[in-house]
Amino acid sequence: MINYSVCLIGNPQDEMAPEKAYAKAQISEVMTFSKFVRHIADHNGVYSRGTVQGVISDMCECLVEMLLEGKKVQLGELGDFWISLSSTGAENLKAFTAANIKGINVVFTPGTDFDGLLKKAKFNPVSSRTAQAATLKAEKEGLSTVDLEAAKA
């Protein structure tokens with residue numbers, strides 16, 4: 001189940017345009033690497049947690065190595081990984097050097113295991129994080145109402 005809240009967002013290019021409502025996914029839990037490894041091991045049954053952890057750790061190390069060699073890595077149903085660069089502009093091609101490169105971004109394109117996520121997903125509307133925090137604060141203070149406008153300010 002995917003929890004979501006709805007928020008109003010304006011158009012930064014047009015301050016006169018009305019705000020529109022958009023969905024924002026709410027993370028229900030942060031799954032640590034250790035928990036994820038345990039989950040995989042429990043599903044598979046054949047491999048121990050240590051083996052699963054080792055394979056994933058080695059895969060990450062090798063993935064970084066291949067990306068730094070400029071390769072696109074295709075991991076089948078998982079998807080593809082490659083890098084893109086962030087850089088500052090130079091006056092012309094001759095003036096551009098590696099010093100203009102300011103960052104490396106890892107790009108991920110999901111593979112076939114991620115096809116049809118929208119059809120498979122179930123959605124559950126929840127309050128925004130701000131509203132949740134304000135409600136909790138009010139409950140702790142023994143209040144029976146919550147001023148959401150004040151909480152947003």
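Which residues make the nonpolar surface patch of about 560 Å²? In this predicted model, the patch is made by Val64, Leu68, Leu85, Phe96, Ile101 and Ile104. The elements that contribute two or more residues to this nonpolar patch are α2, which spans 49–68, and strand β5, while Leu85, another of the patch residues, has its place in strand β4.

Strand β4 is a useful point from which to follow the chain, and the pairing with β5 may be taken up at once. Strand β4 and strand β5, the latter covering residues 101–110, pair in the antiparallel sense over nine bridges, and within this pairing serine 86 stands opposite glycine 103 in β5. Strand β4, residues 79–87, also runs antiparallel to strand β3, residues 73–74, and two bridges join them; here valine 73 stands opposite phenylalanine 81 in β4. Between β3 and β4 lie four residues, the two strands forming a hairpin, and in its turn glycine 76 has a positive phi of about 55°.

Another part of the structure is an open sheet of three strands, arranged in the order β2-β1-β6 and with mixed pairing. Its edge strands are β2 (20–26) and β6 (123–125), each of which pairs on one side only, and neighbouring strands of this sheet are turned against each other by 45° on average, when direction is ignored. Within the sheet, strand β1, made of residues 2–9, pairs with β2 in the antiparallel sense over seven bridges, and one of the residues involved is valine 6, whose bridge partner in β2 is alanine 23.

Notes
Residues are numbered from 1 along each chain as its sequence is written. This is a predicted model: local features need pLDDT of at least 70, side-chain atom pairs count only at pLDDT 80 or more; totals for chains, interfaces and linings use all residues. Side-chain values use heavy atoms; hydrogens and water are left out. Two strands pair if DSSP finds at least two bridges between them. Patches are made of residues with over 30% relative accessible area and no salt bridge: like charges are joined within 9 Å, nonpolar side chains (Val, Leu, Ile, Met, Phe, Trp, Tyr) within 5 Å. Accessible areas come from the Shrake-Rupley method with a 1.4 Å probe; for residues, only the protein chains shown count as cover. A salt bridge is a side-chain nitrogen of Lys or Arg within 4 Å of a carboxyl oxygen of Asp or Glu. Axes are lines fitted to C-alpha atoms, for helices over the stretch in contact, and angles run from 0 to 180 degrees between N-to-C directions.
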